[in-house]
Amino acid sequence: MSARWVVCAVVWAAVLSTSIRAQTLPRTPATTWATPVRIGVLAYRGTEDALRTWGPTADYLSEQIPTIRFQVVPLEFGRINQAAARAEVDFVITSPANYVELEAEYGATRILTLVAYRQGTELTRFAAVVFARAQRTDLNTFEDLVGRTFIATDPNSFGGWWMAWREMKQRGIDPNRDLARLEFAGTQDQVVYAVRDGRADAGTVRTDQLEQMAAEGRIDLSQFRVIQQQPTTAEFPFLRSTRLYPEWAIARLGHVPAELAKQVAVALLQMPRNSVAAQAARAAGWTIPLDYTPVHELMRELRLGPYRAYGRITLGQAVRQYWPWALGGAALLLGAFSTTAYVLRLNYRLGRLRRRLEAELAQRRRADEALLESEQRHRAVIEQASEGIILTDADSRRIIEANPAIARLLGYTLDQLVGRLIYDLIADTREGIDARIARVLESKVPLVGERPFRRRDGSVVTVESSAVVVEWSGRRVICTVVRDITERKRAEEALRQSEQRTRQIVETAHDAFVSIDASGYITGWNAQAEATFGWRRQEAIGRELAETIVPPQHRQAHRQGLKRFLAGGEGHLLNRRIEITALHRDGHEFPVELSISPLRIGDTVQFNAFIHDITHRRQAQQLLEQKNRELEQAVQSEREAIEKLKATQSALVQAEKLAALGQMVAGVAHEINNPLSFVANNVAVLQRDLAAMRKLLELYRAQDALLAAHNPAVAAEACELARRIDLDYTLSNLDDLLVRSREGLRRIQQIVGDLRDFARLDQNQLQEADLNAGIESTVNIIQGLARKRQVRIELMLGQIPPVTCYPAKINQVVMNLLSNAIDACKPGDVVTVATRTEDEQALIEVADTGCGIDPSIRARIFDPFFTTKPIGQGTGLGLSISYGIVQDHSGRIEVESEPGRGSKFVVYLPLQARK
């Protein structure tokens, strides 16, 4: 009856505890969602590592969901729970154990599970590996760890301690009771090194840690053996000792809208394996959330996290929830309490004593078996070891055992080594050797260091030794493991010298040297970089390059280029020299020459850049360009001056030619005029005399009958001659011939006068002139050319007052314009010359219906020597000289032309010349 009531009380207490816990769970505060969305990340390796690992994921989500900006918030173990409780974060990326705790305590809900990418394999689960040195053949199962020293990562590390702890607990091993010593190294790397160096018998890390360190060349896998090794598969090819658990999870807190969680899940599920975010997280992406029940089971068995009080129910909780039942049960139990309590106490004591005795017997039995096995294998291990082993009596300092490896290293036989004093082998003073032995005896961990050993031939060899005190048949023995590091020291020295030379080259380089990691943060900065950019080395190291020396307008392109290279190896600025703009610490920008080269080291990449300040070179180039422009301007000015000089010379030559032509024309006109006057006078006299002779002849003809009667022969001869010369026609036409002759002579006299007027040798000074008269003279001179070309010249001369000018030069302008107009016409076209006044100016218009002027050459028609006529048909000076003559008269020439329809030149001359 009493036992039944005890069971009922326990059940009531359990129900009471569950109900009270459900009522007292903290409620997630209602939070209004707004950007930025904060992603809490478990920073188990520090804030900077968390930002490098998960910052690209936040950037990826911001790109995939453009309306929302995501931000990573690194949080340590205790801080992440506080942030979840206060709703300071919206999502969390954390370990399985921490997720279970957040799920139970703060209502977090997983949405995806991480797909890790390790050694070319995609993993959604991981485990722990328990290991020892390869020489420890006595450590094969978890049971063999009893009485041994054990090292783990951290008391709160899921993969670095809890997984191994669960396996021990399920095998009846209490780490705090059954292990000789339990230590925590802080990082998984230090756990591996502690086991390798003999500072712990065994240790545990998460799976893939050993393989990763081996791939990086930091350890040799053959140095270790796996305890309780589980079989590997294609899906999970890594060494492990425990069962598998789901990978890290991303979870949303209760206040986050379901729609936002859905968008985040969809974006992460679509994350490419080769994206920057995936590579930074060492992941292949994300997958649907796995079942985290194994994690709950582990924490429940170990009473961790939300299961810390699992199975323990307080009396106060039971009373508050079930006080009526408790009161009744207490009354029923009161009668049998004393007896039951006494019996239970006796049973408890007996059971605890029995369990302790059984454990001690089992431990002693295992110890005896292990000791026997150890003694049997001891000799084989020492004999076959590749490293030298010396066992020295701590009191007598004599060698009691050695292996062949140390004998070969030092040049002794085993018989020669055993019994020899340790002082004979170490190249040090006796006091120094005794001091080191004292430190070994006082230390609880192996004492590792480099020591000089003396060979039998007297030469000295540097070795790496690890010494620890062990019990050997009831006495203290110093076990020293020796490794020859001569080649390693030689390689290290060569490497040190090479690094020193490289450092000296970089430090003494005239160019600034800057190196950055894959995240864009500065890792290298030489003295020239300090001088170039104004940042000291200690200030620059660790800063983002884009925020340090890249101008703001180029930072986005720099970051995108870095992402492209990390994603696909594309980098169009790499391995070539380019000129860009850099930023000094004081804010000013300056030109530099840049050369960037990527350097891959394992799975990481480093970028090395040599940067040269080209400010002075750019200034010299600009000065040179300025001088070149000035020189080109000077050359152009000189060329223009030469062209002007040539034009002036040509104009002078042309003027001289025209002057000579004018003189010749005037001379010819004068020479022609004299005989022409004689001929004209003679023709006039001849016309007068012929009229009298014709009258006389008519009188003679009236007497033809008389002559025939008087002298028939003469009359007949006269009649025959009259018939032969057609006397009647000759007499009737004679007057017309004389009239036309006199008209021809008059026209010759007019042409001679026009030539004289055109030349104007007597008008080299400014004077008032009749432009219309000069134009008519010029038209008369060129009329013959117009008739030859079948071009009609029309005059539309208006009433204009006398114009103060150089008449001969104006006639030359009109002649040039008429000549060009006739050349531009085809047979049947018309050239019109008109004059009029406008605004105190006399206008001379010369228009034609010819081919017109191409717009592309219209601006050049007044340039000296420019002509469109065939070679030999024009000098290109006519319009140029005409333009200069009009300019000398303070006038101007305007031109209108339409290809295919003709051109019109208008000369504007002031009525009164400006002095």
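This passage describes two sheets and a pair of packed helices in a predicted model. Local features are reported where pLDDT is at least 70 and side-chain atom pairs count only at pLDDT 80 or more, whereas totals for chains, interfaces and linings use all residues. Residues are numbered from 1 along each chain as its sequence is written, and side-chain values use heavy atoms, with hydrogens and water left out.

Helices (H or I, at least four residues) and strands (E, at least two) are taken as DSSP runs and numbered from the N terminus, and two strands are said to pair if DSSP finds at least two bridges between them. Strands of a sheet pair through backbone hydrogen bonds, either parallel or antiparallel.

One open sheet contains five strands in the order E9-E8-E10-E7-E11, and its pairing is mixed. Because strand E9 (181-184) and strand E11 (224-227) stand at the edges with a single partner strand each, one side of each is left without a neighbour in the sheet. Neighbouring strands of this sheet are turned against each other by 30° on average, direction ignored; axes here are lines fitted to C-alpha atoms, for helices over the stretch in contact, and angles run from 0 to 180 degrees between N-to-C directions. Within the sheet, strand E8 (residues 149-152) pairs with strand E10 (residues 202-206) in the parallel sense over two bridges, and the bridge partner of Phe-150 in E10 is Ala-202. Helix H5 (residues 158-170) packs on the sheet, where it touches strand E7 (128-133), E8, E9 and E10 (contact means heavy atoms within 4.5 Å), and the direction of H5 makes about 120° with that of E10. Helix H7 (residues 188-196) also packs on the sheet, touching E7, E8, E10 and E11, with a direction at about 155° to that of E10.

A second open sheet, again of five strands, has the order E21-E20-E24-E23-E22 and antiparallel pairing. Its edge strands, E21 (522-525) and E22 (577-583), each pair on one side only, and neighbouring strands are turned by 35° against each other on average, direction ignored. Strand E23 (residues 589-601) and strand E24 (residues 604-613) pair in the antiparallel sense over 10 bridges, and His-612 in E24 is the bridge partner of Glu-593.

Helix H2 (residues 47-64) packs against helix H9 (residues 258-269) at an angle of about 110°, with the two axes 10 Å apart. In this contact, Thr-57, Tyr-60, Leu-61 and Gln-64 of H2 meet Val-264, Ala-267 and Leu-268 of H9.
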